[in-house]
Amino acid sequence: MKNKYAKITLDGLIFNNPTFMLVLGTCPTLGLISSASSALGMGLTVVVILTLSNMLISALRKVIPNEVRIPSYIVIIATLVTLARMILNKLVPDLYDSLGGFLALIVVNCIILGRAEAFANKHNVLESAVDGLANGFGFTFALTVMGIICEFLGKGSLFGVQIMSFKISALATPAGAFIIYGLSIAVFTYIIDTFMRSRRIRGNKVARENLLDSKTVDAQPVKEA
Amino acid sequence: MATFIAIVLAAVLTNNFITVKTYGICPFLGVSKKTSSAVGMGVAVTLVMVLATAVTYPIYEYVMVPLGFDFLEIIVFIFIIASLVQMIEKIIQKLSPSLYKAMGIYLPLITTNCAVLGVCEMVIGDMSNIIGDATMNMGWAVLYALFAGLGFTLVMIIMSGMREKLNCVKVSKSLAGFPISMITASFICMAFTVFTYI
Amino acid sequence: MSAKQFFKGTAFKCIVVLLSILLVCGILLTICNALFYVSEQEKLDRVLGKIYGESVETEEISLDDLETKFNYGEVNKVYKVTKDGNYIINASGTGGYGGAITSWVVVKVENNAVSGVGNVLIDTAPGETLTSSIPAEVYQYYSQHYVDGEAFDVNDIHATGLITGVTLSTTAITNGVNTAVDFVKSQILGQSIAGNPYENYAYIEYIDGAASSHTVDENGVITYDIKTTGLGVAGAFELTISVGADKKVTAFNIDVNGSTYGYNEYMMPDILDGTYIVGKGAEDFLAVLGENADDTSLSQIETGATGSSETHATKSNFLCLYAALFATANYDEAYTSAMLANIVNTEYIEMDATAWTVADGVITYDIKTTGLGVAGAFELTISVGADKKVTAFNIDVNGSTYGYNEYMMPDILDGTYIVGKSAEDFLAVLGENADDTDLSLIETGATGASETHATKSNFLCLYAAYFATSNYDLALTIGGKA
């Protein structure tokens with residue numbers, strides 16, 4: 001039982017990391033990693049929305065007829081996004097401003113609809129919540145790491161605090177975001193591949209199979225959208 | 001006339017959806033392997049962007065804002081977009097099977113394309129860097145959507161051309177796939193940065 | 001399909017579920033919208049908070065009954081910060097490359113006086129292309145270098161080396177800051193600000209009156225320190241121009257050349273060294289200058305005077321010629337005002353309420369004194385003859401309070417002590433100020449009265465007589481004052 005949750009968590013965070021492995025939710029990623037604090041803020045907002053939407057959809061999975069599931073999911077997600085927008089606008093206006101249009105666009109973020117389709121409508125509420133948290137934090141982790149790299153090199157600052165005067169301004173533009181995202185994916189997949197291979201060499205067959213299994217369990221590729 | 005030029009230049013070049021605003025990246029990376037599919041996707045996105053703006057802008061400005069329901073914009077917009085996409089799909093299927101063959105497969109993907117929702121949200125928001133608030137109206141909104149879509153298509157075509165050439169090159173294993181596509185995309189972005197100085 | 005089938009079928013279930021989800025979501029959002037609604041006031045407070053540097057409560061000051069146009073610009077909106085009484089002002093400063101620049105300026109107020117300038121932020125700058133190249137230090141300059149009573153000067157900012165170029169945009173921002181400070185001083189704190197002393201003069205359109213001044217010497221030569229406004233790409237010039245009694249320029253020097261982008265090299269050499277300007281009068285300059293810089297027919301100069309055919313730097317040339325026109329055309333007014341500035345012994349005299357007329361060498365003054373201690377203002381009519389001695393003295397309004405007028409020296413009250421005396425006589429009795437006055441000299445020497453009450457009232461009357469006699473020559477030269 002415990003193992004199941006560990007697997008869901010590892011999947012969401014690392015082996016099926018939505019940003020690095022599945023390359024989903026690219027628009028906010030590329031748009032916001034020029035600032036580490038916006039990236040972190042976007043990540044945490046997605047964690048909350050994804051977890052809640054996963055739980056709601058999982059709870060309603062037996063009520064909602066198959067034919068209207070997509071519109072229903074969209075309404076639920078749109079409601080959560082609108083709520084998040086209202087709350088951020090009221091309580092954290094600085095973050096609201098820095099997220100800009102991407103806040104409303106969470107509603108079409110493939111990760112959220114993707115998790116609803118691929119996981120939440122087949123699993124119970126608790127599992128769905130763990131999956132939402134894991135994928136959300138996987139997304140947050142990826143965005144924050146790239147945000148730190150991008151902001152440090154592109155603006156010479158970290159979370160808005162100026163560290164050095166040297167900077168490569170181009171890296172704080174979408175062009176830089178593309179390069180850093182692309183290289184990050186390459187590095188991340190390389191590390192995972194190496195890790196898997198080393199497991200195989202050490203002969204820990206069970207662990208390897210567990211890990212390999214987990215990679216395919218619900219990695220049914222979500223359509224590019 | 002000045003407004004017209006400002007909107008066209010902003011939508012296509014200085015505020016290009018892909019290279020500057022980073023909207024609509026999923027289809028940009030996913031459907032740009034071949035020029036033919038890039039054109040199909042671009043045209044389909046442009047069509048939906050124009051129609052969606054033409055429907056959502058008046059509903060928002062003349063119905064939702066006066067009634068005080070502007071906070072429901074996201075739900076209403078995404079619903080309108082989803083319904084529109086369904087309708088267009090059905091209509092094209094009926095009217096021109098050959099066009100449906102070329103474009104139809106891209107339509108279902110467009111509902112969750114941020115470029116469409118993005119343009120609907122943009123034209124009701126702050127456009128003051130391009131066009132004065134007072135002069136904003138439905139005509140300009142639709143025009144902006146049209147040229148934003150064409151700008152999107154333009155970058156899609158450039159990208160597909162570059163990726164077709166990439167097929168002939170050997171790329172190291174860890175860079176193959178998304179990483180090399182993104183690095184390619186970043187070169188297009190760099191080229192477009194020049195336009196922000198207009 | 002019958003109705004019954006429909007209600008049992010999936011289609012009905014789909015519709016019901018979808019509609020109920022929509023309904024629940026709609027209601028939830030409506031409730032939350034009411035809870036989290038961000039009002040216009042709140043949005044405004046956020047904008048103002050960003051400008052101010054911390055979130056603050058503000059109240060808008062109505063500008064309906066206040067003056068909003070100043071020497072260098074216009075005030076658009078004013079907010080008072082409730083907790084500390086500072087002001088956040090939206091002001092447009094003139095002189096930018098493409099017109100005015102509107103900035104947000106925080107003006108700090110302490111003890112009913114402007115104590116400094118806080119944050120300065122550009123709000124809108126239509127037509128400016130270089131504002132992005134102004135570094136943050138320039139905006140901080142204002143908060144670090146505020147000196148009470150002194151307007152910010154672009155040349156000082158340039159002297160810090162923070163920026164090179166961007167003169168016009170910086171000028172407009174500086175003008176906006178000065179306008180905001182002037183507004184708070186004059187409209188809110190009720191202080192007088194340095195106005196434009198040349199307001200009623202001719203040809204002041206391109207003259208920065210508040211930053212110009214002039215003096216006159218004993219030969220009637222007026223020396224102006226003139227600062228022009230900027231004009232198009234040409235920045236402000238600072239010039240020293242002397243005009244002789246014949247109303248022709250006797251000396252011309254460019255102290256600060258406002259010409260930008262190296263245009264100063266293209267200016268006419270004869271204007272640069274003044275040879276074209278010296279010796280000319282107002283009519284000569286008028287003939288060359290038209291209504292404005294575009295009308296200027298520089299060809300007249302170029303062929304007529306020096307034969308040079310250089311037509312660059314039209315605006316810079318124009319500003320120099322215009323300043324010379326201003327200096328010569330206003331000779332009379334400037335002479336009078338400079339002479340008035342030379343009037344002495346005015347410490348206890350209300351100059352604005354004092355007038356005189358000249359007739360056959362006799363000057364008749366209507367003098368109003370200031371109040372002094374418990375003594376109020378006196379209004380007196382004093383005549384001074386050609387021998388610079390008082391010929392008539394009358395107290396029109398006795399400012400003495402608390403019945404002290406009864407204690408005043410009777411010889412002063414009826415003027416007998418004063419008539420026939422000269423400036424030296426009064427000076428001998430009066431000291432540096434009212435307390436020094438040795439009335440015993442009068443009391444024993446002149447009338448033998450020993451009354452020592454009402455010292456201040458006696459003093460004011462004697463001082464007015466001293467003022468009238470000591471300024472006889474000047475008053476005669478000026479010829480009369482309304």
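**Chain A, the two interfaces of chain B, and a buried threonine in chain C**

Chain A folds into 9 helices and 2 strands. Read from the N terminus, the elements come in the order α-α-α-α-α-α-α-β-β-α-α. The model is a predicted one, and a look at confidence is a sensible place to begin. For chain A the pLDDT averages 84, with 88% of the residues scoring at least 70. Helix α3 of chain A (residues 36–59) comes out highest, at 94, while helix α9 of chain A (residues 205–217) sits at the bottom with a mean of 47. Over residues 212–225 of chain A, pLDDT stays under 50, and the model has 29 contacts beyond four places in sequence for this stretch.

As for packing, chain A has 225 residues, of which 55% count as buried. Among the contacts in chain A with a separation of 6 or more, 73% are accounted for by residues 24 or more positions apart.

Next comes the pairing of chain B with chain A. Here 37 residues from chain B meet 37 residues from chain A. Interface size is often quoted as the accessible area that is lost when the parts come together. By that yardstick, chain B and chain A bury about 3,200 Å² between them, and carbon and sulfur atoms give 80% of this area. On the polar side of the ledger, the count is 3 salt bridges between chain B and chain A. Glu73(B) forms a salt bridge with Arg85(A), with 2.7 Å between the closest N and O atoms. Residue pairs in polar contact between chain B and chain A, both at pLDDT 80 or more, also come to a count of 3.

Which elements of chain B supply at least two residues each of the side that touches chain A? They are α2 (25–30), α4 (73–95), α7 (114–124) and α9 (178–193) of chain B. The top contributor to that side is α9(B), which gives 8 residues. Sorted by class, the side of chain B that touches chain A holds 24 nonpolar, 9 polar and 4 charged residues.

Chain B also touches chain C. In this case 4 residues of chain B are in contact with 5 residues of chain C. The area buried between chain B and chain C is about 450 Å², with 87% of it given by carbon and sulfur atoms. Phe71(B), Ile75(B) and Phe79(B) supply 82% of what chain B buries against chain C, more than any other three residues. The salt-bridge rule finds 0 across the interface of chain B and chain C, and the count of residue pairs in polar contact between these chains, both at pLDDT 80 or more, is 0 as well. By class, the side of chain B that touches chain C has 4 nonpolar residues, with no polar and no charged ones.

Within chain C, one loop residue gets a closer look. Thr228(C) is located in the loop that runs between β8 (222–227) and β9 (238–243) of chain C. Is Thr228(C) buried or exposed? Thr228(C) counts as buried because its relative accessibility is 1%, and the cut-off for buried is under 20%. A polar atom of the Thr228(C) side chain lies 2.9 Å from the backbone nitrogen of Phe237(C). Leaving aside residues up to four places away in sequence, Thr228(C) touches Tyr206(C), Ile207(C), Asp208(C), Ala236(C), Phe237(C), Leu239(C), Leu319(C) and Ala323(C).

Conventions: Residues numbered from 1 in each chain as written. Chains lettered and ligands numbered in written order. Heavy atoms only, no water. Contact = heavy atoms within 4.5 Å. Buried area = accessible area lost by both parts, 1.4 Å probe. Salt bridge = Lys/Arg side-chain N within 4 Å of Asp/Glu carboxyl O. Polar contact = N/O pair within 3.5 Å; in protein donor to acceptor, adjacent residues only side chain to side chain. Helix = DSSP H or I, 4+ residues; strand = E, 2+ residues; numbered from the N terminus. Nonpolar A, V, L, I, M, F, W, Y, C, P; charged D, E, K, R; others polar. pLDDT = per-residue confidence, 0-100. Buried < 20%, exposed > 50% of the residue type's maximum accessible area, 1.4 Å probe, protein only.
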